[in-house]
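Here is a short note for a colleague who is opening this structure. Please keep the view at hand while reading.

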Amino acid sequence: MGILDKIAEIEREIARTQKNKATEYHLGLLKAKLAKYRAQLLEPSKTAGVKGDGFDVMKSGDARVALIGFPSVGKSTFLSLMTSTASEIANYEFTTLTCIPGVIEYKGANIQLLDLPGIIEGAAQGKGRGRQVIAVARTADVVIMMLDATKGDVQRELLEKELESVGIRLNCSKPNIYFKPKKGGGLSYNSTVPLTQCSEKLVQLILHEYKIFNAEVLFREDSTPDEFIDVIVGNRVYMPCLYVYNKVDQISIEEVNRLAHRPNSVVISCGMKLNLDYLLETLWEYLALICIYTKKRGERPDFGDAIIMRRAATVEHVCHRIHRTLVGQFKYALVWGTSTKYSPQRVGLTHIMEHEDVIQVVKK
């Protein structure tokens, strides 16, 4: 019985088991086994096969965005509209067969946009280069999920399922659980909040499935068994995802309104070039980027060349970006902008910068 058959068998068993108090331990155990088999499936095979073409693209620019979607939803058209890169476009499926990078220039930042081949159902098991596509998506800062507005919610549910099965968690934060395996001393189990979904016995059963008998576990929030398994496995990627519904010019205005009001969703039309500017604005928010401008003593600020940083970046991060030796010579900085109480404010290395602040560094 292969790994795929075992996964299918466990999924069938979970589907036919009733969810109640009596079966929660059995379900927890099945979910732990399922996560274990899926992890084995993602591991590369030990036998050296024929070396194929490289698929991943070198990371460049200030941020990386991956375009994921089923074939023929308009990913290549979107890439061609947003960047100066021309990706092959046609009315048949699987026009794009490899990863095509492009660069969006927005607010002084270079955002790398990756046009990935279309995902099909069963991609997590390796169908249609699915594993390589999903592996590239794991390295991105934000995932844009391109969906066909005429197909309803079917595509979204299938893609979410595929990404979840390979350890990509969309629009959710890391579970607040402290977990540390030990050499001895048995299981130490504590929680700072009342737990309704994970009992000590269930935690013990899940850990035994992973052959962990000595560990320290502290729950700081009411988590599900699935979230606890994610913490044990430890290779999960938590990333923001923007659901982009394309081809809205082919559906009714009521349906457009319904899709536009869904959380983390934007409606566009690549064919008629509708709402693309709002999509860029939303993408900027999701990437959490800020522009910092520099100023020399006695001169006007240089608004032509911004330093692109992540939100909540400090003066120290900015100094490292300017030059790695600058922190050692740092005396103080003068900052103008929304992060200060008055302009200019004299600040130290720990001061948190905000979007479009101006900084002047004074050396010793």
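The points below go through a predicted model, element by element.

1. Start with strand E10, residues 241-246. Is this strand enclosed or open to the outside? Six of its six residues are buried, so E10 is largely enclosed by the rest of the structure. In a regular strand, side chains alternate between the two faces of the sheet. Both faces of E10 are covered. On one side sit Cys241, Tyr243 and Tyr245. On the other sit Leu242, Val244 and Asn246. Every one of these counts as buried, which means under 20% relative accessible area.

2. Next, the partners of E10. Strands of a sheet pair through backbone hydrogen bonds, either parallel or antiparallel. Strand E4 (residues 142-148) runs parallel to E10, and six bridges join the two. Within this pairing, Met145 has Tyr243 of E10 as its bridge partner. Strand E11 (residues 265-267) also runs parallel to E10, through three bridges. Here Tyr243 stands opposite Ser265 of E11. Trace the chain onward from E10: with helix H8 (residues 253-260) and E11, the strand makes a right-handed β-α-β unit.

3. Now look at helix H5, residues 154-165. Does its length come out as expected or not? At 1.5 Å a residue, its twelve residues should span 16 Å. The C-alpha atoms at its ends are 17 Å apart, which agrees. An α-helix has 3.6 residues a turn, so residues three or four places apart point the same way. The buried residues of H5 are Gln155, Arg156, Leu159, Glu162, Leu163 and Ser165. After the helix comes Gly167, with a positive phi near 85 degrees.

4. One residue of H5 deserves its own point: Glu160. How accessible is Glu160? Its relative accessibility is 25%, so Glu160 counts as partly exposed. Leaving out residues up to four places away in sequence, Glu160 touches Met145, Leu170 and Tyr243. Met145 lies 15 residues away along the chain, and the two C-alpha atoms are separated by 9.4 Å. Met145 and Tyr243 are also the bridge partners of point 2.

5. Turn to the nonpolar cores. The largest has 62 residues. Which of them have the most contacts inside it? They are Phe78, Ile144, Met146 and Ile268. Apart from this core lies another, of 19 residues. Val203, Ala215, Phe228 and Val231 are among them. Take Ile268 as a sample of the largest core. Beyond its neighbours within four places in sequence, its contacts include Phe78 and Met146. They also include Val244, Tyr245 and Asn246. Leu274, Asn275, Leu276 and Leu279 are further contacts of Ile268.

6. A separate point covers the sheet of E6, E7 and E8. What is the strand order? The three strands form an open sheet, ordered E6-E8-E7, with mixed pairing. E6 (177-181) and E7 (187-191) stand at the edges. Each has a single partner strand, so one side of each is left without a neighbour in the sheet. From one strand to the next, the twist averages 5 degrees. E6 and E8 (residues 215-219) run antiparallel and are joined by five bridges. Lys180 faces Glu216 of E8 across this pairing, standing opposite to it.

7. Two helices pack on that sheet. Helix H6 (residues 200-209) touches E6, E7 and E8. Its direction makes about 135 degrees with that of E7. Helix H7 (residues 225-233) touches E6 and E8. The direction of H7 makes about 45 degrees with that of E6.

8. Last, some backbone details to check. Most residues other than glycine have a negative phi, and most peptide bonds are trans. Lys211 has a positive phi, near 60 degrees. Lys211 is found in the loop between H6 and E8. At 63% relative accessibility, Lys211 counts as exposed. Asn275 is not a glycine either, yet its phi is positive, about 65 degrees. Asn275 belongs to the loop between E11 and helix H9 (276-287). With 30% relative accessibility, Asn275 counts as partly exposed. Finally, Ser343 and Pro344 are joined by a cis peptide bond, with omega about -10 degrees. Pro344 is in the loop between strand E14 (330-336) and strand E15 (345-347).

Technical notes. Residues numbered from 1 in each chain as written. Predicted model: local features only at pLDDT ≥ 70, side-chain atom pairs only at ≥ 80, totals over all residues. Heavy atoms only, no water. Helix = DSSP H or I, 4+ residues; strand = E, 2+ residues; numbered from the N terminus. Expected span 1.5 Å × (residues − 1). Buried < 20%, exposed > 50% of the residue type's maximum accessible area, 1.4 Å probe, protein only. Core = buried A, V, L, I, M, F, W, Y, C linked by side-chain atoms within 4.5 Å. Contact = heavy atoms within 4.5 Å. Pairing = 2+ DSSP bridges. Axes fitted to C-alpha atoms, helices over the stretch in contact; angles between N-to-C directions. Right-handed = clockwise from strand over helix to strand, strands pointing away.
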